[in-house]
Amino acid sequence: MKLPKFPVDAPFSADQKSWLSGFLAGVKAVQTSTLEDSKQSKDNPDNVLNILFGTQTGNAEGLALETADVAKTYGLDTKVQGLDEVDIKDFQNMKNVIVSIATYGEGEMPDNAELFWKDLVSPEMPKLPEMRFGVLALGDTGYDEFCQAGKLIDMRLEQLGASRIISRQDCDVDYEDIAASWISDAVPKLTNNLSHSDPGEKSTRVRSEWNRKNPFPARLSLNKLLSKNGSGKEIRHYEVDISDSGIEYSAGDVINVLPVNNSTLVSLIIERLDIDPSHIPNGKEQSLEVLLTSYYEISTPGKKLVTYLEEKLNNESLSKVVKNSDKQALSDYLWGKDILDLLNIDPDFHFDVDEFLSNLKPLQHRAYSISSSPKKYPDSVHMTISSVRWLTNNRDHLGVCSTYLADRVNDDQKVKIFMSPNKAFRIPENHETPMIMVGPGTGIAPFRAFLDEREIIGASGQNWLFFGDQTREFDFIYENEFSEKLKKGILTKLDLAFSRDQDEKIYVQDRMLESSAELFRWLEKGAYFYVCGDALRMAKDVDATLRKIIEMEGNMTSEKADAYVNNLKKEKRYLRDVY
Ligand SMILES: Cc1cc2nc3c(=O)[nH]c(=O)nc-3n(C[C@H](O)[C@H](O)[C@H](O)COP(=O)(O)OP(=O)(O)OC[C@H]3O[C@@H](n4cnc5c(N)ncnc54)[C@H](O)[C@@H]3O)c2cc1C
Ligand SMILES: Cc1cc2nc3c(=O)[nH]c(=O)nc-3n(C[C@H](O)[C@H](O)[C@H](O)COP(=O)(O)O)c2cc1C
């Protein structure tokens, strides 16, 4: 602030001019020191609220950004970072930390938190007596290890001597409200020692109008069988129309579909409960039929329901597997059984409808890796989905969402969708960088999108795809598209592994091993390594093979090969979308 010089004819006396000059100089001094304080506050780690997230499909990141928005209304300086962007040395100096983290696999860290977690549990990790923290854990009570990643981080920070300023909040699938309430408690508690600048800064973050609570009703414009008659699978290609929705997406993102249950199963359950479909259960506003159709999971039994049924039914086999806490035995017992199978363990037992409903889980959306590039298809989103169908107790059993899309969406019905950005799963920014993609089965989905994207932007980087399934004759989905890409030179190499086309089983990881020298050369040239599809077996086998190849071709010990893989992860060149 420049102090004014009063004009000679200003209507002030000499005394007044002198007082005013003094007053304005005082104002300037205060303003300068506030500016300096605020600059100091930005540079000083003590004054920053660090909001760190561990995510796969964006929920935890969304909550981290929401936390930053709340903190800004208090005039606080915030820094939002993925856990893969956090240098452990910088972390050691952080004073105020909120961690928002999802759980994956069977109680594991999401990929972007894996290396951070390794550092955090390392014996070299120093104590953190000056850190104040809070953990927001995301998960799903349908999994045995509910919110395990958040629980582990919370426990480890306490072990390291950091001060837990607010109790950890574990959030189930319906997480939005409970998380928002925790955030509004946590921010003032964690930051009452911080200096606050001007409050009221509004978030400039662009949020989609469409989300889990307000999904976009999209027209299903295409439902086409990809696998051929004779296949052991039914893989379909779907397109939903998003024109006029304002939805934007990127190749690598995930689309979520809110399904509707199959009416035959709804009727059979209502029949088994021996009640009128129009009955309105206590405390509800809709009929039992509507509730079972659109609001509750009625196919896969959840833990709460299984415990309830065990208590009610007094059935020896069920009690044995529930009571002996052998997770594998319980999962084997439940495999293939839906809720109706469990209700029929004792066909004469009469269930109280309200009690039964209170033990069901809310019907959840299903996630699908998008198989289109918006650069090629700006008005539609494509999905590549394997229909889940099996037979148990002489009755057809159907996966809820995959068969909803396959069988039950009529021309006049809309499919409710919303997007989850997967910012970590993208084509390389540098268009010359080579890509190695491993995507057997429906794991091919994002790579179809990546290849279209690279073709359209004219990226010169080489592209190598590993694809496989059971048989070439029936299961080579998108064969024409990939052959075309090979001809055009967009696809540099295509390695196929059809497990049942010969006596011995051949999988994508076997093909990787056959080309180990070349694969290692690509990695050395800076290639990105992507994996999509089955998490339980395929992704683990591919990971083990990748390490083996690096060890062999790089002439390394297994420790060195592990360090090489860790470095790929740090450089965000080893990226996975596995489920
Ligand atoms: C990030 C992400 C991306 C995904 N991308 C894709 C994708 O691109 N394509 C795709 O197809 N899927 C994808 N999935 C999986 C998808 O979300 C669903 O899980 C899948 O479609 C099954 O859902 P559903 O509702 O049809 O079956 P559900 O009703 O959820 O039933 C599935 C359950 O049925 C049982 N079951 C299944 N098969 C059998 C069998 N043969 N015998 C006995 N029991 C059985 C199992 O208990 C299984 O858990 C993705 C998942 C995630 C998390
Ligand atoms: C393949 C897969 C495995 C999961 N495993 C667990 C688990 O073991 N425990 C748990 O509580 N939640 C589990 N979840 C649920 C996620 O943690 C939950 O959906 C979370 O909201 C995802 O957050 P994100 O979008 O930030 O990744 C799993 C979800 C998926 C798709």
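In the predicted model, ring pairs join Phe425, Phe447, Phe450, Tyr528 and Tyr530 into a cluster. A search of the whole structure returns 19 aromatic pairs. One of these is formed by Phe425 and Tyr530, whose rings meet edge-to-face, with 5.5 Å from centre to centre and 80° between the planes. This pair connects distant parts of the chain, the two residues being 105 residues apart. Phe425 belongs to the loop between strand S14 (414-420) and strand S15 (435-438), whereas Tyr530 lies in strand S18 (residues 528-533). Phe425 and Tyr530 are both buried.

Strand S14, which precedes the loop that holds Phe425, was examined next. Of the 7 residues of S14, 5 are buried, and the strand is therefore largely enclosed by the rest of the structure. S14 pairs with strand S7 (residues 216-225) in the antiparallel sense, over 4 bridges. Within this pairing, Val415 of S14 is the bridge partner of Ala218. An antiparallel pairing is also found between S14 and strand S9 (residues 254-258), here over 5 bridges. Ser420 in S14 stands opposite Val254.

Aromatic rings also take part in contacts with charged side chains. The ring of Tyr333 has the charged end of Lys337 over it, at 4.0 Å from the ring centre. In a second case, the charged end of Lys493 is placed over the ring of Trp464, 4.8 Å from the centre of that ring.

Technical notes: Residues are numbered from 1 along each chain as its sequence is written. Chains are lettered from A and ligands numbered from 1 in the order in which they are written. This is a predicted model: local features need pLDDT of at least 70, side-chain atom pairs count only at pLDDT 80 or more; totals for chains, interfaces and linings use all residues. Side-chain values use heavy atoms; hydrogens and water are left out. Rings of Phe, Tyr and Trp (its six-membered ring) pair if their centres lie within 6.5 Å; planes under 30 degrees apart count as stacked, over 60 as edge-to-face and the rest as tilted. Buried means under 20% relative accessible area, exposed over 50%, partly exposed in between (1.4 Å probe, protein chains only). A charge sits over a ring if NZ of Lys or CZ of Arg is within 6 Å of the ring centre and within 35 degrees of the ring normal. Two strands pair if DSSP finds at least two bridges between them.
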